[in-house]
Amino acid sequence: MKNSLKLILTLSFIFSASSAFAKLPEYTTTIKNHRFEPASIEVPAGKKFKLIVKNLDKTLEEFESHDLRKEKIVSGGKQIKMIIKPLKPGTYKFEGEFHAKTAQGVLIAK
């Protein structure tokens, strides 16, 4: 019985977490020719959201942001999704680490 209760609680947590993930507002940027498009994304300050990064290039890229404390590999032809915690108003830089000269972007929280 104790194990059944643990299983039910675990499944409830997973379901509610995935449900909350699905309801978050989404913002998308695409990597193409080693550049982010759009390179500037305006997001609401103080609100959690989902950031989707699509890599249309055939080569691997690493999404990196010291400002956001995020670092994630995006394989060629794939996409990643990240939850971004509520941000204070301001500008938050990100880049493609493997092509840092061209793959530059910012999130602007207003």
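Mentor: Helices (H or I, at least four residues) and strands (E, at least two) are DSSP runs, numbered from the N terminus, and two strands pair if DSSP finds at least two bridges between them. This is a predicted model, in which local features need pLDDT of at least 70 and side-chain atom pairs count only at pLDDT 80 or more, while totals for chains, interfaces and linings use all residues. Residues are numbered from 1 along each chain as its sequence is written, and side-chain values use heavy atoms, with hydrogens and water left out.

Trainee: Which residue in the turn between β5 and β6 has a positive phi?

Mentor: β5 and β6 (residues 70-74) pair in the antiparallel sense over five bridges, and Glu-61 stands opposite Val-74. The two strands form a hairpin with four residues between them, and the residue in the turn with a positive phi of about 60° is Arg-69.

Trainee: Which strands stand at the edges of the open sheet?

Mentor: β5 also pairs with β8 in the antiparallel sense, over two bridges, and there Phe-63 stands opposite Gly-96. The open sheet is built from five strands in the order β3-β9-β8-β5-β6, with mixed pairing. Because each has a single partner strand, which leaves one side without a neighbour in the sheet, the edge strands are β3 and β6.

Trainee: How many of the residues of β5 are buried?

Mentor: Buried means under 20% relative accessible area, exposed over 50% and partly exposed in between (1.4 Å probe, protein chains only). On one side of β5 Glu-61, Phe-63 and Ser-65 are buried, and on the other Glu-62 and Glu-64 are buried too. Among the five residues of β5 (61-65), the number buried is five.

Trainee: What kind of aromatic pair do Phe-36 and Phe-63 form?

Mentor: Rings of Phe, Tyr and Trp (its six-membered ring) pair if their centres lie within 6.5 Å, and planes under 30 degrees apart count as stacked, over 60 as edge-to-face and the rest as tilted. Phe-63 is buried at a relative accessible area of 0%, as is Phe-49, also at 0%. With centres 6.3 Å apart and planes at 85°, the rings of Phe-36 and Phe-63 form a pair that is therefore edge-to-face.

Trainee: Which strands each supply at least two residues of the largest nonpolar core?

Mentor: A nonpolar core is a set of buried Ala, Val, Leu, Ile, Met, Phe, Trp, Tyr and Cys residues joined through side-chain atoms within 4.5 Å. The largest one has 19 residues, of which Leu-51, Val-53, Phe-63, Leu-87 and Leu-107 touch the most other members. The strands that each supply at least two residues of this core are β3, β4, β7, β8 and β9.
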